[in-house]
Structures are given as structure tokens and as C-alpha cells.
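This report covers a sheet, a hairpin, the nonpolar cores and one loop residue. The sequence and structure come first.

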Amino acid sequence: MKITDSVLRSFRVARTFRENSQKVNCVDYSSNGESAISSSDDDSIVLYDCQEGKPIRTLYSKKYGVDLIRYTHGDANTVVYSSNKLDDTIRYLSLTDNKYIRYFPGHTDRVVALSMSPVDDTFISGSLDMTIRLWDLRSPNCQGLTNPLGKPVCSYDPEGLIFAAGVDSEAIKLYDLRSFDKGPFASFETLFSRVCEWTGLKFSRDGKQILISTNGGAIRILDAFNGAVLHTFSGYNNSKGISLEACFTPDSDFVMIGSEDGRVHVWSTESGMKIAVLDGKHSGPINTLQFNPKYMTFASACSNMAFWLPCVGD
């Protein structure tokens with residue numbers, strides 16, 4: 001089934017799970033689309049079977065807290081995540097036996113961005129200590145560090161050759177992974193008309209667009225090659241300055257974001273037109289939103305987790 005305007009308009013919540021007592025701060029899908037995992041401010045990690053459509057296990061990170069959880073490259077049995085409590089070390093966890101495989105110390109302030117390489121065992125992290133660090137899952141030592149001169153959000157491109165850093169909510173800098181210690185090879189400024197903080201950065205799967213999420217009432221997509229503003233999307237509720245996650249659909253043709261009133265807004269990346277507003281019946285703001293990379297479903301979460309399916313016969 002192809003993702004179209006009418007298919008997206010038909011999406012309904014198929015299952016809602018109330019596994020968490022506080023907000024879900026992150027959701028990630030495994031690369032095969034068969035598993036999902038969430039991290040929450042209640043210190044829990046919940047594993048979901050996407051084919052069965054149900055939670056299968058809950059783990060806890062009581063001492064350190066858990067945020068920015070990510071499956072490792074090509075492996076649905078291990079994750080990395082940041083701490084939101086005790087320290088700023090990144091942890092590498094085996095889900096099969098609930099044991100830490102490795103720790104990645106180095107950041108001196110809260111980690112606000114984590115991105116896994118789509119091609120190998122490396123990942124990057126951005127922190128309020130104003131650094132971006134490059135890591136390899138096989139070593140606890142930082143493999144490289146850059147100072148982008150501001151608070152960074154960062155993400156790999158789909159080919160794993162470059163990464164983009166959004167710096168101080170005003171500029172995007174592109175780095176070549178083979179020589180990123182030499183600084184960015186391209187940089188472009190993009191300022192929003194209203195004051196807001198950039199809270200996330202993502203490439204579209206075709207690598208042609210960069211999506212900027214903010215804690216204001218607007219998100220933006222840019223041309224990944226020259227930084228030109230393609231569209232700025234607004235008209236969704238975010239009056240309290242919450243960090244709301246936006247995402248592309250896997251075909252790169254649509255952008256979605258949740259809102260503080262529990263609805264999901266969808267725009268076409270080609271026309272820039274809003275094509276759907278979907279009611280998730282969430283009890284609070286939708287903090288995190290992720291489309292499954294392989295199957296026609298997406299997840300949205302406040303403190304409840306909702307899995308959506310199209311109802312094309314409607």
C-alpha cells in the first residue's frame with residue numbers, strides 16, 4: 001500500500017497502552033519494523049511486538065533514568081540511551097539479559113541528541129556541554145569530538161556519510177564523518193519568525209530534506225544540499241513551549257507532528273499543504289511520534305502509547 005493523502009487521513013488509533021505513569025519521552029522502531037521500544041520519565045523501558053500489537057516486556061533504569069532510547073544498527077536486541085537523572089554517561093544495554101554491555105562517559109552536561117549510524121556501529125551525541133561526540137559501540141572511548149559553538153541537535157544522513165548539526169537554534173552545519181575534526185564543509189542559517197528553540201533534527205530517508213523540530217508552534221523543512229527553506233509548518237497547538245517530536249513518513253513525502261491537544265497534524269512535503277488532522281484521544285501533549293520504517297503504522301505517545309493503522313474502507 002502506498003502512503004497517500006487519503007490513506008493518511010484514514011489512520012485511526014488501533015491500540016492504546018497505559019504502561020507508563022509519566023510521559024513517554026522517546027519511541028524507536030527496529031530497522032525491520034517488527035519491534036518498538038519506548039523510554040519514559042518514570043524510568044521504564046517498554047518493549048512492544050509490532051506484529052502482535054502489544055507490550056511484551058518492561059525494564060527499568062531507576063538509578064540513571066532513561067531518555068533518547070535508540071536501537072543499535074541492525075540489532076533489535078540492544079539499545080543505547082542517555083540519562084536524565086544521575087550523570088551524562090550514555091549506556092549500551094542488552095535487552096535479552098537486561099545487562100549493560102558498555103558505558104560511554106565524556107559529556108559533562110545533559111545529552112540532548114542521539115543518532116545511530118544507518119550503516120555501522122557508530123553513533124553521535126550532542127550535549128548541553130556544547131559538544132558533539134562520535135562513538136563506536138565496540139569502545140568506551142570517544143572516537144572524535146567537535147565544538148560547533150552552541151547547543152547542538154544532530155543526526156546522521158541516510159547513507160551514514162555525513163551528519164548535520166543544528167547549532168544554537170539558528171544554523172545548520174554539515175560535517176563529513178571522515179574529516180569532521182576539520183569543521184563543517186557547509187553551513188547555512190535559518191531563523192524562525194517567532195522565538196523558539198530547536199529540539200530535533202532529522203533527514204528524510206531520501207536524504208534530500210532536513211526537518212527541524214522546535215519547542216514553538218512551527219517546524220521547518222530545508223533543502224539538505226543548499227539550506228533553502230522548502231516549507232514552514234504551523235497551525236498546531238504548542239503554547240507551553242513543549243518539545244514536540246516531528247517525523248517524516250518513510251517515503252519522504254509527508255511530515256507529521258503531534259500537538260499539546262493530543263492531535264496529529266500531517267503536511268505534504270511537496271505542496272506544503274496540511275492534508276490531515278488526526279485525533280489520537282491522547283490525555284496530554286504528544287511528546288514523541290514515529291512512523292514504522294517497514295509497515296503501514298505509526299506510534300504516538302503522551303504518557304499513553306498509541307499505535308495507529310489505516311482504515312481505508314472508511
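## A hairpin of two strands

The model described here is predicted. Strand 4 and strand 5 make up a hairpin, and four residues separate the two strands. Gly53 sits in the turn and has a positive phi of about 70°.

The two arms of the hairpin cover residues 44-49 (strand 4) and residues 54-60 (strand 5). Their pairing is antiparallel and runs over six bridges. Two of the partnerships can be named: Ser44 is bridged to Tyr60 in strand 5, and Val46 has Thr58 of strand 5 as its bridge partner.

## The sheet around the hairpin

The hairpin strands belong to an open sheet of four strands, in the order 2-3-4-5, with antiparallel pairing. At the edges are strand 2 (24-29) and strand 5, each of which pairs on one side only. On average, neighbouring strands of this sheet are turned by 20° against each other, with direction ignored.

In general, strands of a sheet pair through backbone hydrogen bonds, in either the parallel or the antiparallel sense. Side chains in a regular strand alternate between the two faces of the sheet.

## The nonpolar cores

The largest nonpolar core contains 19 residues. Within it, the residues with the most contacts are Phe11, Val264, Val266, Phe291 and Phe298. At least two residues of this core come from each of helix 1 (5-9), strand 23 (254-258), strand 24 (263-268), strand 25 (274-279), strand 26 (288-291) and strand 28 (305-310). Strand 25 gives the most, with three residues.

What does Val264 touch, leaving aside residues up to four places away in sequence? Its contacts are Met256, Ile257, Gly258, Ala276, Val277, Leu278, Ile286, Leu289, Phe298 and Trp308. Another core, of 17 residues, lies apart from the largest one; Ile162, Phe192, Trp198 and Ala224 are among its members.

## An exposed loop residue

Arg178 is found in the loop that links strand 16 (171-176) and strand 17 (186-189). Is this residue buried or exposed? Arg178 counts as exposed because its relative accessible area is 70%, and the cut-off for exposed is over 50%.

Ile162, a member of the 17-residue core, is 16 residues from Arg178 along the chain. The C-alpha atoms of Arg178 and Ile162 are 8.3 Å apart.

Definitions and conventions:
Residues are numbered from 1 along each chain as its sequence is written. This is a predicted model: local features need pLDDT of at least 70, side-chain atom pairs count only at pLDDT 80 or more; totals for chains, interfaces and linings use all residues. Side-chain values use heavy atoms; hydrogens and water are left out. Two strands pair if DSSP finds at least two bridges between them. Axes are lines fitted to C-alpha atoms, for helices over the stretch in contact, and angles run from 0 to 180 degrees between N-to-C directions. A nonpolar core is a set of buried Ala, Val, Leu, Ile, Met, Phe, Trp, Tyr and Cys residues joined through side-chain atoms within 4.5 Å. Buried means under 20% relative accessible area, exposed over 50%, partly exposed in between (1.4 Å probe, protein chains only). Contact means heavy atoms within 4.5 Å.
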